[in-house]
Amino acid sequence: MQFSLDPKELDQCYKKLQWQYHPDKASLRPKQEQEWAAEHATAINHAYSTLKDPLARGTYMVSDRELEQLDKSAALFKDKLLGWHVYPRR
């Protein structure tokens with residue numbers, strides 16, 4: 001997975017997807033299709049806002065498993081650090 005991206009390409013892709021899945025296009029369709037379109041438009045908007053923001057993009061790229069591993073490593077480090085006894089020098 002690559003962190004950097006071309007903002008222009010992201011904008012073009014977003015606009016294309018929004019055009020394809022915009023809820024207004026399903027306004028005359030059955031309710032189920034309207035809901036489907038609304039859900040997909042919401043997902044597209046969320047993905048776009050996540051990818052556009054470097055911090056949000058980086059956070060997303062770190063998988064849950066990697067976060068769990070980081071949490072375990074931090075807990076282990078904390079246990080080791082707090083487990084050390086620091087005695088005052090005499």
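## Exercises on helix packing

Leu17 has a relative accessible area of 28% and is therefore partly exposed. The model behind these exercises is predicted.

**Exercise 1.** Determine in which helix Leu17 lies and which C-alpha atom is separated from that of Leu17 by 8.3 Å.

Solution.
- Leu17 belongs to helix 1, which covers residues 7-21.
- The C-alpha atom in question is that of Ala41, 24 residues away along the chain.
- Leu17 and Ala41 are both listed in the contact of helix 1 with helix 2, which the next exercise takes up.

**Exercise 2.** Work out how helix 1 and helix 2 are oriented to each other, and which residues make the contact.

Solution.
- The angle between helix 1 and helix 2 is about 170°, and their axes are 10 Å apart.
- Angles over 145 degrees count as roughly antiparallel, so helix 1 and helix 2 are roughly antiparallel.
- From helix 1, the contact takes in Leu10, Asp11, Tyr14, Leu17, Gln18 and Tyr21.
- From helix 2, the partners are Trp36, Ala37, Ala41, Ile44, Asn45, Tyr48, Leu51 and Lys52.
- Sorted by class, this contact of helix 1 with helix 2 has ten nonpolar, two polar and two charged residues.

**Exercise 3.** Classify Ser49 as buried, partly exposed or exposed, and give its C-alpha distance to Tyr14.

Solution.
- Ser49 sits in helix 2.
- Its relative accessibility is 42%, so Ser49 is partly exposed.
- Between the C-alpha atoms of Ser49 and Tyr14 there are 9.9 Å, with 35 residues separating the two in sequence.

**Exercise 4.** Determine the orientation of helix 2 to helix 3 and name the residues that meet.

Solution.
- Helix 2 spans residues 31-52 and helix 3 spans residues 54-61; they pack at about 105°, with their axes 5 Å apart.
- Angles of 65 to 115 degrees count as roughly perpendicular, so helix 2 is roughly perpendicular to helix 3.
- Thr50, Leu51 and Lys52 of helix 2 meet Pro54, Ala56, Arg57 and Tyr60 of helix 3.
- The contact of helix 2 with helix 3 has four nonpolar, one polar and two charged residues.

**Exercise 5.** Establish whether Arg57 is buried or exposed, find the nearest side chain of opposite charge, and list the residues that Arg57 touches.

Solution.
- Arg57 is part of helix 3.
- Arg57 is buried, and the nearest side chain of opposite charge is Asp53, 7.2 Å away.
- A salt bridge needs a distance within 4 Å, and Arg57 has none.
- Leaving out residues up to four places away in sequence, Arg57 touches Phe3, Leu5, Thr50, Leu51 and Lys52.

Conventions. Residues are numbered from 1 along each chain as its sequence is written. This is a predicted model: local features need pLDDT of at least 70, side-chain atom pairs count only at pLDDT 80 or more; totals for chains, interfaces and linings use all residues. Side-chain values use heavy atoms; hydrogens and water are left out. Axes are lines fitted to C-alpha atoms, for helices over the stretch in contact, and angles run from 0 to 180 degrees between N-to-C directions. Helices (H or I, at least four residues) and strands (E, at least two) are DSSP runs, numbered from the N terminus. Angles under 35 degrees count as roughly parallel, over 145 as roughly antiparallel, 65 to 115 as roughly perpendicular and the rest as oblique. Contact means heavy atoms within 4.5 Å. Ala, Val, Leu, Ile, Met, Phe, Trp, Tyr, Cys and Pro count as nonpolar, Asp, Glu, Lys and Arg as charged, and the others, Gly among them, as polar. Buried means under 20% relative accessible area, exposed over 50%, partly exposed in between (1.4 Å probe, protein chains only). Lys and Arg count as positive and Asp and Glu as negative; His and the chain ends are not counted.
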